[in-house]
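Please look through the following report with the sequence and the model side by side. It moves from single residues to the helices that hold them, and then to the chain as a whole.

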Amino acid sequence: MNRTTQLKLCSLVFAVMWTGWMLWVNEPVDRANIVMLVVCGALAGSAWYYAMRWLLQLIRLLPPHDGPVKPAQWRRAHRC
């Protein structure tokens with residue numbers, strides 16, 4: 001698993017936890033409130049991903065362009 005995949009999973013966990021917390025804290029739970037908080041949670045997760053990716057690239061813990069890995073490169077990197 002490369003670093004951007006880990007970062008994407010972490011941002012997903014952040015979005016789910018943020019949405020869950022907001023649903024827990026806000027008292028009136030109706031459909032409009034749930035939809036609004038889910039959309040805001042998705043935006044918060046996306047913003048967290050882009051902010052962390054920018055920060056990690058800034059301090060050189062993440063390569064500037066971590067594009068898709070070609071199958072031949074993947075096989076060479078994961079040989080036993």
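Asn-33 is buried, because its relative accessible area is 12% and the cut-off for a buried residue is under 20%. This value, like every other one in this report, comes from a predicted model. Asn-33 lies in helix H2, and once its neighbours within four places in sequence are left aside, Asn-33 is in contact with Asn-26 and Pro-28. Met-22, whose place is in helix H1, is eleven residues away from Asn-33 in sequence, and the C-alpha atoms of the two lie 9.9 Å apart in space. Met-22 is partly exposed, with a relative accessible area of 22%.

**Helices H1 and H2**

Thr-19 offers a view from the other helix, since this residue lies in H1 and is buried, with a relative accessible area of 11%. Leaving aside its neighbours within four places in sequence, Thr-19 is in contact with Leu-37, Val-38 and Gly-41. Which residues of H1 are buried? They are Thr-4, Leu-7, Ser-11, Ala-15 and Thr-19, and these buried residues pack against H2. In H2, the buried residues are Asn-33, Leu-37, Gly-41, Gly-45 and Tyr-49, and they in turn pack against H1. A general feature of helices helps in reading these two lists: an α-helix has 3.6 residues a turn, so residues three or four places apart point the same way.

Cys-10 is also found in H1, but this residue is partly exposed, with a relative accessible area of 42%. Although Cys-10 and Gly-45 are 35 residues apart along the chain, their C-alpha atoms are separated by 8.8 Å.

The lengths of the two helices can be checked against a simple expectation. At 1.5 Å a residue, the 23 residues of H1 should span 33 Å, and the distance between its end C-alpha atoms is 33 Å, which agrees. For H2, which has 28 residues, the expected span is 40 Å, and this agrees with the 40 Å between its end C-alpha atoms.

**Aromatic pairs**

How many aromatic pairs does the structure hold? There are two, and the geometry of each is set out below.

| Pair | Distance between ring centres | Angle between planes | Arrangement |
|---|---|---|---|
| Phe-14 and Trp-48 | 5.6 Å | 20° | stacked |
| Tyr-49 and Tyr-50 | 5.1 Å | 70° | edge-to-face |

The pair of Phe-14 and Trp-48 counts as stacked because its ring planes are at 20°, and the cut-off for stacking is under 30 degrees. This pair links distant parts of the chain, for Phe-14 is in helix H1 (residues 3-25) and Trp-48 is in helix H2 (residues 31-58), 34 residues apart. Phe-14 is partly exposed, with a relative accessible area of 30%, and Trp-48 is also partly exposed, at 26% relative accessibility.

The rings of Tyr-49 and Tyr-50 have their planes at 70°, so this pair is edge-to-face. Tyr-49 counts as buried, at 11% relative accessibility, and Tyr-49 is also one of the buried residues of H2.

**Beyond the end of H2**

H2 is followed by Arg-60, whose phi is positive, near 65°. Leu-61 has its place in the loop between H2 and helix H3 (71-77), and Leu-61 is partly exposed, with a relative accessible area of 45%. Which residues form a nonpolar patch on the surface? Trp-54, Leu-55, Leu-58, Ile-59 and Leu-61 do so, and together they have about 520 Å² of accessible area.

**The chain as a whole**

Stepping back from the single residues, one finds three helices and zero strands in the chain, with the elements running α-α-α from the N terminus on. Buried residues make up 14% of the 80 residues in the chain. The accessible surface of the chain comes to about 6700 Å², and carbon and sulfur atoms account for 68% of this surface. Among the contacts in the chain with a separation of 6 or more, 57% are between residues 24 or more positions apart. The stacked pair of Phe-14 and Trp-48, which links distant parts of the chain, and the packing of the buried residues of H1 against H2 can both be followed in the model when these totals are read.

Conventions:
Residues numbered from 1 in each chain as written. Predicted model: local features only at pLDDT ≥ 70, side-chain atom pairs only at ≥ 80, totals over all residues. Heavy atoms only, no water. Phe/Tyr/Trp six-rings, centres within 6.5 Å; stacked < 30°, edge-to-face > 60°. Helix = DSSP H or I, 4+ residues; strand = E, 2+ residues; numbered from the N terminus. Buried < 20%, exposed > 50% of the residue type's maximum accessible area, 1.4 Å probe, protein only. Contact = heavy atoms within 4.5 Å. Patch = residues over 30% accessible without salt bridge, like charges linked within 9 Å, V, L, I, M, F, W, Y side chains within 5 Å. Areas by Shrake-Rupley, 256 points an atom, 1.4 Å probe, with all protein chains shown as cover. Salt bridge = Lys/Arg side-chain N within 4 Å of Asp/Glu carboxyl O. Expected span 1.5 Å × (residues − 1).
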